[in-house]
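Me: I am new to this structure and would like a close look at one single part of it. Please choose one helix and tell me how it sits in the whole, and start with the cysteines, since I always wonder about them.

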Amino acid sequence: EFRRVLFRSRDSGNITIGVNDIFKIHPVNNLVVVDTPSVFNATRLHTIINSTPNKFYSCSNDWRKMVSNFQHIKLDKFPGCLDGLDDRELVCYSNNSAFVATVIAYKMKAKRIVLYGVDFTAHHFLSQKEILQTQLKHFSNLHSKFKEMGVELYVADKRSELSKFIPVV
């Protein structure tokens with residue numbers, strides 16, 4: 001369940017974006033949590049609340065009073081839609097935080113993005129194959145779009161389901 005997105009910015013070197021309770025195993029510069037606090041058990045919620053990212057991104061205002069450096073994001077209207085990729089107000093999304101973190105990395109001007117721990121092999125969607133296939137299709141479409149735009153997207157583990165269409169670094 002631990003996911004991390006790493007990218008190299010043109011100006012600032014390596015920046016990390018993690019999701020949910022990544023601070024349990026690794027600190028990151030930026031944290032993305034799409035779900036509301038009520039989704040997480042007490043241990044995971046404690047980890048998230050006590051994380052110390054430079055920015056905490058969420059579409060749920062429920063986090064605003066619970067965390068520091070809260071940055072509200074507005075998700076696009078339709079999952080998987082990439083039309084608003086360059087929209088300053090909206091963040092394209094799929095039904096997983098790693099996708100949103102990847103889009104935020106792009107919006108931060110990333111030209112090379114590496115996905116660590118985004119494997120979909122131990123993910124809660126595994127029991128719902130149709131949902132899993134939708135997530136993979138959304139990532140495949142994002143990879144294709146990035147390729148057209150000159151943005152490199154990689155996955156760090158060849159065991160990742162994403163490695164079937166995203167190159168392994």
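Reply: A disulfide here is a pair of cysteine sulfur atoms within 2.5 Å. By that cut-off the structure holds zero disulfides. C81 and C92 show why: the sulfur of C81 has its closest cysteine sulfur in C92, 6.4 Å away, which is too far for a bond. Seen from C92, the closest cysteine sulfur is the one in C81, again at 6.4 Å and too far for a bond. C92 is also buried, with a relative accessible area of 1%; buried means under 20%, exposed over 50% and partly exposed in between, with a 1.4 Å probe and protein chains only.

The model is a predicted one, in which local features need pLDDT of at least 70, side-chain atom pairs count only at pLDDT 80 or more, and totals for chains, interfaces and linings use all residues. Residues are numbered from 1 along each chain as its sequence is written, and side-chain values use heavy atoms, with hydrogens and water left out.

Now for the setting of your helix. The protein has 169 residues, of which 48% count as buried. Its secondary structure comes to three helices and nine strands, where helices (H or I, at least four residues) and strands (E, at least two) are DSSP runs numbered from the N terminus. Read from that end, the order is β-β-β-α-β-β-β-β-α-β-α-β.

The part I have chosen is α2, which spans residues 97-107. This helix is mostly covered, as ten of its eleven residues are buried. Among them are F99, V100, V103, I104 and Y106. At the N-terminal end of α2, N96 acts as a cap, with a side-chain oxygen 3.4 Å from the backbone nitrogen of A98; the limit for such a polar contact between a donor and an acceptor is 3.5 Å between N or O atoms, and neighbours in sequence count only through side-chain atoms on both sides. After the helix comes K109, with a positive phi near 75 degrees.

Finally, α2 also meets the largest pocket, whose volume is about 490 Å³. Of the 18 residues lining this pocket, D87, R88, I104, K107 and M108 are the closest to its centre. Two or more lining residues come from each of β4 (55-58), β5 (70-72), β7 (90-91) and α2. The biggest share is that of α2, with three residues. A pocket is an open set of 1 Å grid points where a 1.4 Å probe fits, with protein on both sides within 12 Å along at least five of seven lines; lining residues have an atom within 4 Å of a point, and the volume is the space filled by probe spheres on points joined across faces, edges and corners.
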